[in-house]
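Reader: I work with models every day, and I would enjoy a close look at a single part of this one. Please start from one residue and its contacts, then show me how other parts are put together.

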Amino acid sequence: MGLLCFHCEEVVEGGIKELFAHFRSFSLLKGSCFGTAAVCKQDGCQRTFQKSFSFKRHLTKQHRQVDNFPEGLRGEFHFEEGEGSDSDDDVLDDQDHQGGGGNQDDDNQDELTEEDIKERSLMLVCKLKASSSVTQSTITTVVEDVSQLFEDAVSNLQESTRKFMRDNNVDLEGEAAVRLMDQFEMVQKPFHGIETEYKQLQYLIASRKFVTPLEKEITLGYAPRTDNLTGNVLQVPTPRVFHYVPIKENIKAIVESPGFWDCVQEHHRSTDGTLRDFHDGEHCLTHPVLSGVDCLQIILYNDDIEMTNPLSPKAGTHKLGALYYTIKNVHPRHLSTLNHFYLAALYKSTDVAEFGFDVVLRPLVDDLKELEEFGLQVNCQEKRGTLKVGLAQVVGDNLGIHSLFGFAQGFTANFLCRKCRIHREDLRRSTHLSAILRTKENYEEDLQQQDLPRTGIRTHCILNELAGFHVVNNYAPDIMHDLLEGVCAFEVKLVLQQLISSGLFDLDTLNARIMSYNYGFPDSSNKPCLYKWSSIVNADGAPGQNAAQMWALTRNIGVMIGDLVVEGNNYWELILLLCECMDLIFSPTTSPGECAFMKQLISDHHDLFLELFPDRHLKPKHHFMLHYPAAALKIGPLVHYWSMRFEAKHNFFRRLSHIICNFKNITKSMAYRHQMFQCYQMLSKQSFKQASCEIGPGSSLLLNALPDCLVLSQLLGGYPLFADVFVAKWATVYGVRYRKGMIVVRDISADGDPLYGQIREVVCLRDAVHLILEKWQTLYFKKHYHAYVVRPTEPYELAISTIDDLVDHHPLHAVHSYVPNDDNYYISPRYKL
């Protein structure tokens, strides 16, 4: 009778308590979290867990009486060598690895040292501090109350033990009794040495996982303070400060985290001419720092965060500016998690508005200069040596970038483009690039003029001091704000207004379609909001949808209302042309040929817009689109630079500000709590060793219990019919969830059309998630719906694919049109493959 360990593949005699003691003997548990996803393994179960409590509950409910372990089960998700202790042999002798042999009851005892108790207690404190929903006073109360609870409970147990020993004539002065009493004393104070916030912080700093934010003074100001004796309000000299997280120490902690360098090593430059990321673009290949080997590419992001209700009287008073960064060497599939976005600085927006960005950027620029010239010394298991670090690109919304770079902040300025010198009046009618591009030379000439209306340059930017970086060579656009919250929202409302006014359908029909449309699992959380007529007629007003909702609406609008619009309608053609542009702009890969095609499509789209709406002019965001093809050639696919995930990082600070409700030195409070969040991720080994694969609930079956088992056995290379497979309800791989009924792209035809498959089952075997697919036939691309017309192959044909073998890892959904008796399915593509 025992439970199977997923790490060493041995049966641990005893129950759940003994199994978790076994886990801790291998250092697999940090507090209540597993460093990497734990796989159940009981009776063939392949479900994965990050939290120990969830695992225990699963074992209690599903595997209480497990005593039979199928032979041949190998670990599906192994820890890599060195992830636990320095050497497994130091923890358990060879005889301990003999399943069922030896005195395992003694081996499995979870012996706690005083340092173990302190570390577990500290992990509890870190977890609370890492949450954006808990105040410091609450954390202090928890520590005090838990300490008192332990002291009372252990003291009572200690006295009961002494009484039992006296009643049974046990020598209380004996060595064993003294050792037992010492254990009671040790457990009685779990927070000994870390009782206060100061001691906790000092302990974490010593661990080198907590990088302390530095307070930097901007100037000396005055703040009102109430005299506690007289009640008078006094103006007290108070420094105006911001908080900077030292990038050298932070990157060193990141790089030396287990698993980081493995993520970097997975990401290589393309050799087939396809541009897949920054390192494939022309800019990286000619960069004086980043073109070499062992270089880290930094993407910097700047934006403002409204910390209070934007409709309250305090709106704007406590607005903060944030500088985040991410390391571009990591494969894009890892960058969906916010653990890979780091804080560089927090400042008050009002301070920057008054004193400029130079004072905030100075410590960051100085550190980056040093990293460019001398590099960073790292010493970890995966990498030892010197790494150069350079600034690759700066991203953000247009206002944030123009403010940071010193360009005109108002988009009604004469020269409002940061990439070319086109005048505002010319921009409104220009459908192709005709103005002079900004260069280092003409930038310096314009800067010396100090004439904003004639140059579009307000002030210099100290980021230009960095090697290989200049504001005129910052090519990254923000397609989220330009398109999803700009051009798409604007044009969709204009076209809907025309279609409704012409009598093709009414507003109620439109909203009924939006509400009843079959979005499926992929877009279930991004369903568009219903429109009001006042919003549609005010095309220049608020979008009415957030960015994710607008993307879902624009991609699906063809099938949603295309049957109500006659083919050849010019206004409808504008939407279809916009969708074609988006297919290329949002694609995760591109090429020189596709960039040339994108250039022509964008120009055609702008021409048609001006033709259909002669009383309208092109917006600045229309003009920014003209620079997209050249930017993609320089830095790779543009979707890797959008602000979608960076803006999600704001939620941590917004929630925290609403919880603590204290805005005195708010940048310090926010910076310290964020660094505590990062520290907790590293201490619990969740930053880079987080589960790349999470398996949902399911059941272990013999292969011959599945339909078409003979075919499946052949597709799996002769997998035995009477061998176990785990059929899961769902599996999440690199943040994307796959489940039965979803559509995936399994291949590309000779004509370049995607070949789809519908997921029949999600199965786990041979160290990977496999999708059992029913092949679908791609009939043709229906331009009027901007969707592929597909249907299941007859007779049905099966295929099996791993996630890595898919052409695209994003699942889709197949829907029927609203046309009666139309048996075909329609799939709206996310982007061009």
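Author: What follows starts at one serine and moves outward from there.

First, some ground rules: this is a predicted model, in which local features need pLDDT of at least 70 and side-chain atom pairs count only at pLDDT 80 or more, while totals for chains, interfaces and linings use all residues. Residues are numbered from 1 along each chain as its sequence is written, and side-chain values use heavy atoms, with hydrogens and water left out.

Our serine is Ser-817, found in the loop between strand E23 (808-812) and strand E24 (825-827). Here strands (E, at least two residues) and helices (H or I, at least four) are DSSP runs numbered from the N terminus. Is Ser-817 buried or exposed? With 10% relative accessibility, Ser-817 counts as buried; that word stands for under 20% relative accessible area, against over 50% for exposed and partly exposed in between, using a 1.4 Å probe and protein chains only.

Leaving aside residues up to four places away in sequence, Ser-817 touches Val-559, Tyr-785, Asp-822 and Tyr-826, where contact means heavy atoms within 4.5 Å. With Asp-822, the side chain of Ser-817 makes a side-chain polar contact of 2.8 Å. A polar atom of the Ser-817 side chain also lies 3.3 Å from the backbone nitrogen of Val-819. A polar contact is a pair of N or O atoms within 3.5 Å; within protein, one must be able to donate a hydrogen and the other to accept it, and residues adjacent in sequence count only if both atoms are side-chain atoms.

From this loop we can look across the model. The C-alpha atoms of Ser-817 and Arg-24 are separated by 55 Å, with their positions 793 residues apart along the chain. Val-819 and Glu-151 are 72 Å apart, C-alpha to C-alpha, and 668 residues apart in sequence. Glu-151 belongs to helix H6 (residues 136-167) and is partly exposed, with a relative accessible area of 33%.

Now for some strands. Strand E22 (residues 798-802) has four of its five residues buried, so E22 is largely enclosed by the rest of the structure. E22 pairs with strand E20 (residues 768-782) in the antiparallel sense over five bridges, and Leu-773 has Ala-799 in E22 as its bridge partner. Pairing requires that DSSP finds at least two bridges between the strands.

Strands E6 (residues 214-226) and E7 (residues 233-244) run antiparallel and are joined by 12 bridges. Their hairpin has six residues between the strands, and Gly-231 takes a positive phi near 80 degrees there. E7 is also joined by two bridges to strand E10 (residues 342-348), again antiparallel, with His-243 opposite Leu-346 in E10. Asn-339 sits in the loop between strand E9 (320-327) and E10. At 12% relative accessibility, Asn-339 counts as buried, and its side chain makes a polar contact of 3.4 Å with that of Gln-681.
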